[in-house]
Amino acid sequence: MSKVYVFDHPLIQHKVTLIRSKDTGTKEFRALVDEVAGLMAFEITRDLPLQEVEIQTPVATAKSKVIAGKKLGIVPILRAGLGMVDGFLQLVPAAKVGHVGLYRDPETLKPVEYYVKLPTDVEERDFIVIDPMLATGGSAVEAINSLKTRGAKNIKFMCLIAAPEGVEILQQAHPDVDIYIAALDEKLNDHGYIVPGLGDAGDRLFGTK
């Protein structure tokens, strides 16, 4: 079964509180999501392998560490996942960005793929799928399905807010995908919204209703 990591860093928790507030406007909301994504990127890349190299400092020759050629890809789920991309890239500017677009079928209520664009070297990359919310789990499961059918083997999932129901669904569908969460909330309500949550992340990021 996949592991679930809930971040307890004070800066992350502080900023998530501001993100939740209904009084936080679009501009500040967008900036806060960006900042939290960067802080989460710091934690989620903790296990990247290192290799030793020799460099010349202004004073002497030194042996030091660099990331060992690991190829990373980040894949936002459209559209809300876009709000977390820049924060991640500030820490890992060499990462390539793919996209997965999904919409909810009005009759079946299940996510349907409408757009996928990934780096060409899918099998060689470690991917991090990002979305602000993990509610019912349907979109996350389908997005990871999209990556796996195209050859991705090493995948992580990262979100700001998750409901226990969504975590369980994602673990059952993809037991090899570890889940990284800024805050694990109480439950889903009857409309599939996370409680207490933060509302609709896409609408709050882009100023839509």
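Helices and strands here are DSSP runs, numbered from the N terminus, with at least four residues for a helix and at least two for a strand. By that count, the chain in this predicted model holds six helices and 13 strands.

Start with the overall form. The C-alpha atoms fill a box of roughly 65 × 40 × 30 Å along the principal axes. The radius of gyration is 18 Å. A compact globule of 209 residues would come near 17 Å, so the chain agrees with that expectation. Of the 209 residues, 44% count as buried. Contacts often span long stretches of sequence. Take those between residues at least 6 apart: 62% of them join residues at least 24 apart.

Now turn to helix H4, residues 138-149. Twelve residues make up H4. From first C-alpha to last, H4 reaches 16 Å, close to the 16 Å expected at 1.5 Å a residue. Which residues of H4 are buried? They are Ala140, Val141, Ala143, Ile144, Ser146 and Leu147. The spacing of such positions can be read against helix geometry. An α-helix has 3.6 residues a turn, so residues three or four places apart point the same way. Just after H4 comes Gly151, with a positive phi of about 105°.

H4 also leads to the largest pocket, where H4 supplies at least two residues of the lining. This pocket encloses about 800 Å³ of space. It has 27 lining residues, and the closest to its centre are Arg104, Asp131, Met133, Ser139 and Asp200. Several other elements also give at least two residues each to this lining: strands E4 (72-78), E6 (99-104), E7 (111-117) and E9 (133-134), along with helix H6 (201-206). What classes of residue make up the lining of the largest pocket? There are 15 nonpolar, eight polar and four charged residues.

The second largest pocket has a volume of about 210 Å³. Its lining consists of 15 residues. Nearest its centre lie Asp47, Lys70, Asp126, Asn154 and Lys156. Two strands, E8 (126-130) and E10 (154-162), each supply at least two lining residues. By class, the lining of the second largest pocket divides into seven nonpolar, two polar and six charged residues.

To retrace the route: the chain has six helices and 13 strands. H4 contributes to the lining of the largest pocket, while E8 and E10 contribute to that of the second largest.

Technical notes: Residues are numbered from 1 along each chain as its sequence is written. This is a predicted model: local features need pLDDT of at least 70, side-chain atom pairs count only at pLDDT 80 or more; totals for chains, interfaces and linings use all residues. Side-chain values use heavy atoms; hydrogens and water are left out. The expected span of a helix is 1.5 Å times one less than its number of residues. Buried means under 20% relative accessible area, exposed over 50%, partly exposed in between (1.4 Å probe, protein chains only). On a 1 Å grid over the protein atoms alone, a cavity is a set of points where a 1.4 Å probe fits but cannot get out, and a pocket is an open set with protein on both sides within 12 Å along at least five of seven lines; lining residues have an atom within 4 Å of a point. Grid points are joined across faces, edges and corners, and a volume is the space filled by probe spheres set on the points. Ala, Val, Leu, Ile, Met, Phe, Trp, Tyr, Cys and Pro count as nonpolar, Asp, Glu, Lys and Arg as charged, and the others, Gly among them, as polar. The radius of gyration is taken over C-alpha atoms; the globule rule is 2.2 Å times the number of residues to the power 0.38. Contact means heavy atoms within 4.5 Å.
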